[in-house]
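Here is a friendly walk through one protein model, from single residues out to the whole chain. Have the viewer ready, and follow along as each residue comes up.

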Amino acid sequence: MKEIHAPLKESLIRRYPEPVIRQFAKDLALGLGASDEEADVISDGITTASLWWHPGQGQGLEKFFRYYRRVRNGGYVPRARLTWVAEGPAYALLEANKAFGYHAANTAMRRAIDLAGRAGIGIVGVRNSNHFGIAGYHAKTAAEAGFIGIAMTNAKAEMAPWGAKTAVLGTNPWGWAVPRRGAYPIILDMALTMSGIGMIAWAHREGRQVPDDLALTADGRRTTNPAELLEGSTQLPIGRAKGYGLSFMTDVLTGVLMGAKFGLSVFQDDTHFDVGHVMIAVKIDAFMPRDRFFDRLEQLVAEVKAAAPITPGDEILLPGEAEQRRMQERLAHGIPVDAETVEKLRPIAADLGVPFPL
Ligand SMILES: NC(=O)c1ccc[n+]([C@@H]2O[C@H](COP(=O)([O-])OP(=O)(O)OC[C@H]3O[C@@H](n4cnc5c(N)ncnc54)[C@H](O)[C@@H]3O)[C@@H](O)[C@H]2O)c1
């Protein structure tokens with residue numbers, strides 16, 4: 001299999017068994033004042049992210065740096081009351097009251113699944129939430145219940161509109177998950193930008209150049225030198241103007257329509273984020289018998305897998321297949337954590353009175 005990211009430099013990471021990461025994430029969340037239910041979702045999301053992604057993508061234990069800071073200054077509210085502010089046969093809107101984003105998004109996707117079970121489709125918006133973690137985790141919740149799931153969120157302005165050099169839109173990730181007969185769901189989980197500042201910073205630490213289509217310098221230039229991108233850069237969209245268009249429309253759905261912040265205002269200070277999300281669940285058997293759907297899906301998978309590779313011997317991957325392989329490897333050999341993250345978590349755990357297992 002061709003790895004998407006450069007191989008991890010073992011000198012920059014430490015590896016830990018999955019149960020250690022899972023328990024530590026739960027203990028940290030409880031230490032911050034989360035309920036048991038909130039802590040379980042946060043821990044499951046962060047463990048899943050750590051199994052799937054490169055530490056430079058910043059979706060693992062490093063999320064606790066911001067949780068720790070923002071719970072203290074009121075940007076995140078543990079045990080926040082979640083309130084339904086609109087509802088109908090196939091839709092609902094959740095006021096998250098600054099809850100942990102993982103918990104608010106999970107509550108919304110569970111409601112979307114419930115609505116779809118009865119109406120064929122469920123679409124649930126969330127406003128006044130926080131960073132929801134990885135989009136694929138929320139989409140996977142629907143697939144595990146037998147539904148097709150779609151999750152999206154807006155995020156801090158990091159992407160310039162196509163042709164501009166100042167950021168207005170977020171990386172605004174999408175997760176799509178499709179259940180599969182007798183196999184792990186097929187999960188597309190992607191930001192709408194080519195990369196993120198974390199992976200650019202990681203390349204800089206490793207002394208590597210980056211492709212020149214990841215980001216623009218503050219003065220709007222392309223470069224392969226990551227050092228020029230660490231301050232004031234803007235992330236370039238996937239698919240040029242089309243990725244910018246997807247990000248714009250995602251902000252319309254998640255921010256403008258759901259009553260959350262959008263554009264330049266979302267996610268800009270440490271005390272009030274008001275992030276918006278949209279969760280969609282689709283009932284397969286509203287459209288065709290499940291068995292027939294699964295037969296047809298496997299036919300599509302077989303056709304994709306049989307496509308002629310450009311380089312003889314290369315394997316053609318499904319969306320999410322690389323993450324699944326990485327997950328298996330990490331369950332067997334340990335989850336990588338950035339060595340710098342380990343040291344920065346030590347005082348946080350001590351302050352929260354949480355055992356430090358790393
Ligand atoms: N909550 C937020 O604000 C936020 C913002 C940005 C990203 N994220 C999360 O960060 C994570 C990483 O996102 P990303 O865009 O950096 O991921 P990525 O670029 O590493 O991968 C994106 C997708 O492309 C697929 N893919 C890549 N190469 C492939 C190949 N050769 N064949 C088939 N499929 C292939 C992957 O399986 C994955 O589904 C995601 O979980 C995303 O949801 C969250």
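## A ring pair across the chain

F24 is buried, with a relative accessible area of 1%; here buried means under 20% relative accessible area, exposed means over 50%, and partly exposed is in between, with a 1.4 Å probe and protein chains only. Before going further, please note that this is a predicted model, in which local features need pLDDT of at least 70, side-chain atom pairs count only at pLDDT 80 or more, and totals for chains, interfaces and linings use all residues. Residues are numbered from 1 along each chain as its sequence is written, and side-chain values use heavy atoms, with hydrogens and water left out.

A pair of aromatic rings is described by the distance of the centres and the angle of the planes. In this report, rings of Phe, Tyr and Trp (its six-membered ring) pair if their centres lie within 6.5 Å; planes under 30 degrees apart count as stacked, over 60 as edge-to-face and the rest as tilted. By this rule the count comes to 10 aromatic pairs. In one of them, the ring centres of F24 and F356 are 5.6 Å apart and the planes stand at 85 degrees, so the pair is edge-to-face. Because F24 lies in helix α1 (residues 18-31) and F356 in the segment after α10 (339-352), this pair ties together parts that are 332 residues apart in sequence. F356 is partly exposed, at a relative accessible area of 23%. Ring pairs also link F64, Y67, Y76, F100 and F273 into a cluster.

The element names come from DSSP runs numbered from the N terminus: helices are H or I with at least four residues, and strands are E with at least two.

## Residues in the loops

Four loop residues are worth a visit in the viewer.

| Residue | Loop | Relative accessible area |
|---|---|---|
| Q59 | between α2 (36-52) and α3 | 18%, buried |
| F147 | between α5 (135-144) and β5 (148-153) | 11%, buried |
| M194 | between β7 (183-190) and α6 (197-205) | 36%, partly exposed |
| P319 | between α8 (290-305) and α9 (321-333) | 39%, partly exposed |

For the neighbours listed next, contact means heavy atoms within 4.5 Å. Leaving out residues up to four places away in sequence, Q59 touches I46, A49, W53, H131, G133 and I134. With the same exclusion of residues up to four places away, F147 touches I113, A116, G117, A142, A177, P179, A281, V282 and K283. The C-alpha atoms of F147 and P17 are separated by 31 Å, with their positions 130 residues apart along the chain.

Which residues does P319 touch, not counting residues up to four places away in sequence? They are I186, I187 and L188. P319 and I186 are 133 residues apart along the chain, and their C-alpha atoms are separated by 6.4 Å.

M194 touches D213, L214, L236, P237 and I238, again not counting residues up to four places away in sequence. From C-alpha to C-alpha, M194 and T171 are 8.9 Å apart in space, and 23 residues apart in sequence.

## Two positive phi values

Most residues other than glycine have a negative phi, and most peptide bonds are trans. R79 is not a glycine, although its phi is positive at about 60 degrees. R79 is found in the loop between α3 (63-72) and β2 (83-87), and at 58% relative accessibility it counts as exposed. N128, also a residue other than glycine, has a positive phi near 55 degrees. N128 lies in strand β4 (residues 121-129) and counts as buried at 13% relative accessibility.

## The whole chain

Now zoom out. The protein chain has 10 helices and 11 strands. Its C-alpha trace spans about 55 × 55 × 45 Å along the principal axes. A compact globule of 358 residues would have a radius of gyration near 21 Å, and the 20 Å of the protein chain agrees with that; the radius is taken over C-alpha atoms, and the globule rule is 2.2 Å times the number of residues to the power 0.38.

Buried residues make up 53% of the 358 residues. Of the contacts in the protein chain with a separation of 6 or more, 68% are between residues 24 or more positions apart.
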